[in-house]
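Colleague: I am new to this structure and would like a close look at one part of it. Please take me through its core and whatever borders on it.

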Amino acid sequence: MARRAAQLSVICEPNSQRKNQTVKTSPMNIVPRATFARTAVLLITLASQLSSTPALSADVQTALNASAHTGAIFQPPSEADIPAGPFGDTIRMGRDIMLDTPRHAARYVGNTLSCANCHLDAGRMAGSAPLWAAYVNYPAFRAKNGKINTYQERLQGCFRFSMNGSAPPLGDPVLVALEAYSFWLATGLPVNKEVAGRGYSTLEKPALAPDFTRGQAIYTARCALCHGANGTGQSVGGDIVFPPLWGDQSYNWGAGMGSVNNAAQFIYANMPYGMSYSLTRQEAWDVAFFMNAHERPQDPRWQGSVEATRAKFHNSEFSLYGQTINGKILGNTGAPKRSQAKDQAQIAP
Ligand code: HEC
Ligand code: HEC
C-alpha cells in the first residue's frame, strides 16, 4: 500500500509551476480507503502509459498570470483542523457528500457523479471552482435565474443540473452540511471580495474555431484511457473510479460543464488528471467541444421542444444544445426522464 501511494503521488503531484498555488493535500489523501486503493491500482497501471508533462507554453503562463492577478492563493484549513463537536460533525458530513455524493445525498442525485469529480480535492483546489472562494461571494446575483441567490440556492442548482437530480429543499441537512463545510474551508477569507483562484482561470479563445474531429483525436490520445472510448467512464466493483463525461450518467444539458468555455477552462487546468496544463489552449477547446457534442440527460428546464429550450436557456455561442453535429440535433431526446415538478415549486428556474 505504501509503495502504491508513493507511485500514485508521482502522477498526482501538481507540476512545479503550480506548486505555490495549489493546496498541499493530495486529492487522494481524503478519498475513502476502499476507493483510494482501487483508484490507486488503476492509476498506477495507467501511469506507465502516459507521457510526462511537457514544458509550460506561453498559454499556460497567461492563464497562471490571469488567475494570480488578484494576489496570493488562499490555503484553506487542513482536515486535521476540523473542530470537535456538532459543528465538526456537520463539516465532515459536507466533505463526505462532496466525495461520494450518490451515497451521502442519494435522494437528490440522478447520476453517478460526485461533486468532487469537478471540484477537485474535495472542493479545495484553486482553479477548479473551489468552495472557499465561492462561499464568500454569496449571496450573489445570477443571470441563470435572474435573482440574488443565497449559497444554499446556488447549491440547489448543482443538484438539479450537474448531478441531474432534484434540489434539496432549503434547510435540508444535505445543504446545511455542504454550506458548513464551505464556510469552514473559507476560514479567514474576506467576504464579498474577488478571491484569486475562484472559478476557473479565463482561457482565451483559440486561433481556430473548436472542432469535433480534432477534439476526437485528442480525446482518443489523452482521455479515453481513463474515461473510456465511449465517454462513460470506468467503475471497479461498483465504485466509480473515472467519472463519465457524457451519456445517461453524466451531467445534464443545463449544467455549467455543458458550456464549451467552462469545460475548456476546467480541462485545461485539471486534465488529464495529474497532468495539469499539459494540453495547448487549442487542444483544450477542441476536446471540450468534442465532449459536449455528445448526448446527455435532457435539460430539466425543458420547454416542450429543443428549439424552444435552446431559445430560452441556451442562446449562447458556447452551448451545443440544439445544434446539429454530424447530422444529429443535440438534445433532441424528448422530455426529461425525471419528474422535476417537485423542484419547480421550490426553486427559481
Ligand atoms: C489518468 C486518468 C485520467 C485522464 C487521462 C483524464 N481524466 Fe478526466 N478525470 C479523471 C478523474 C480521476 C476525474 C475525477 C477527479 C476526482 O474525483 O478527484 C476526472 C474528471 C474529469 C471531468 C469532470 C467530471 C466529469 O465526469 O464530468 C472532466 C470533464 C474530465 N475529467 C475530462 C477529461 C478530458 C477531456 C480528458 C482528456 C484531455 C481527461 N479528463 C483525461 C481521470 C482522468
Ligand atoms: C460535472 C461537473 C460538476 C459537478 C458534478 C458539480 N459541479 Fe459545481 N460547478 C461546476 C461548474 C462548471 C461550475 C461553474 C460554472 C457555473 O457557474 O455554472 C460550478 C459551480 C459551483 C459553485 C459556485 C462556484 C462559484 O465560485 O460561484 C458551487 C458552490 C458548486 N459548483 C458546488 C457544487 C456541489 C456542492 C456539487 C455537488 C452536489 C457540485 N458543485 C457538482 C461543475 C460541477
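Modeller: Here is a tour that begins with the whole chain, settles on the core, and then moves out to what lies around it.

This is a predicted model, in which local features need pLDDT of at least 70 and side-chain atom pairs count only at pLDDT 80 or more, while totals for chains, interfaces and linings use all residues. Residues are numbered from 1 along each chain as its sequence is written, and chains are lettered from A and ligands numbered from 1 in the order in which they are written.

The chain has 16 helices and six strands; these are DSSP runs numbered from the N terminus, helices being H or I with at least four residues and strands E with at least two. Of its 349 residues, 44% are buried. A residue is buried if 20 or more other C-beta atoms lie within 10 Å of its own, exposed if 12 or fewer, and partly exposed in between, with C-beta atoms placed from the backbone. Two residues are in contact if their C-beta atoms, placed in that way, lie within 7 Å. Among contacts with a separation of 6 or more, 70% join residues 24 or more positions apart.

Now to the core itself. A nonpolar core is a set of buried Ala, Val, Leu, Ile, Met, Phe, Trp, Tyr and Cys residues joined through C-beta atoms within 7 Å. The largest one here holds 70 residues, and Tyr 181, Ala 264, Ile 267, Ala 284 and Ala 288 have the most contacts inside it. At least two residues come from each of H4 (85–99), H6 (115–118), H7 (120–123), H8 (131–135), H9 (151–162), H10 (173–185), H13 (260–270) and H14 (281–292). H10 gives the largest share, eight residues. For a sense of the packing, take Ala 284: setting aside neighbours within four places in sequence, Ala 284 touches Leu 203, Ala 264, Ile 267, Tyr 268 and Leu 279.

Two helix pairs are worth following. The axes of H4 and H10 come within 7 Å and cross at roughly 100°; axes are lines fitted to C-alpha atoms, for helices over the stretch in contact, with angles from 0 to 180 degrees between N-to-C directions. These two helices are therefore roughly perpendicular to each other, in a scheme where under 35 degrees is roughly parallel, over 145 roughly antiparallel, 65 to 115 roughly perpendicular and the rest oblique. H4 brings residues including Phe 87, Ile 91 and Met 98 to the contact, and H10 brings Val 174, Tyr 181 and Trp 184 among others. By class, this contact has 12 nonpolar, two polar and one charged residues; Ala, Val, Leu, Ile, Met, Phe, Trp, Tyr, Cys and Pro count as nonpolar, Asp, Glu, Lys and Arg as charged, and the others, Gly among them, as polar.

In the second pair, the axes of H11 (residues 212–222) and H14 come within 7 Å and cross at roughly 95°. That makes H11 roughly perpendicular to H14. Phe 212, Ile 218 and Tyr 219 are among the H11 residues in the contact, and Val 287, Phe 289 and Phe 290 are among those of H14. The contact has six nonpolar, two polar and three charged residues.

Some of these helices also help to surround the ligands. Ligand 1 has 26 residues around it, and Cys 223, Cys 226, Pro 243, Pro 272 and Tyr 273 are the closest; a residue is near a molecule or strand if its C-beta atom, placed from the backbone, lies within 6 Å of it. H6, H12 (224–227), H13 and H14 are the elements giving two or more residues to this shell, which has 23 nonpolar, two polar and one charged residues. Ligand 2 has 25 residues around it, with Cys 115, Cys 118, Ala 134, Ser 162 and Gly 256 nearest. H9 gives the most to that shell, five residues, and the shell has 15 nonpolar, eight polar and two charged residues.

Finally, look at the loop between H13 and H14, where Pro 272 sits. The peptide bond from Met 271 to Pro 272 is cis, with omega near -10°. Tyr 277 lies in the loop between H13 and H14 too, with a positive phi near 60° although Tyr 277 is not glycine. Tyr 277 counts as buried because 26 other C-beta atoms lie within 10 Å.
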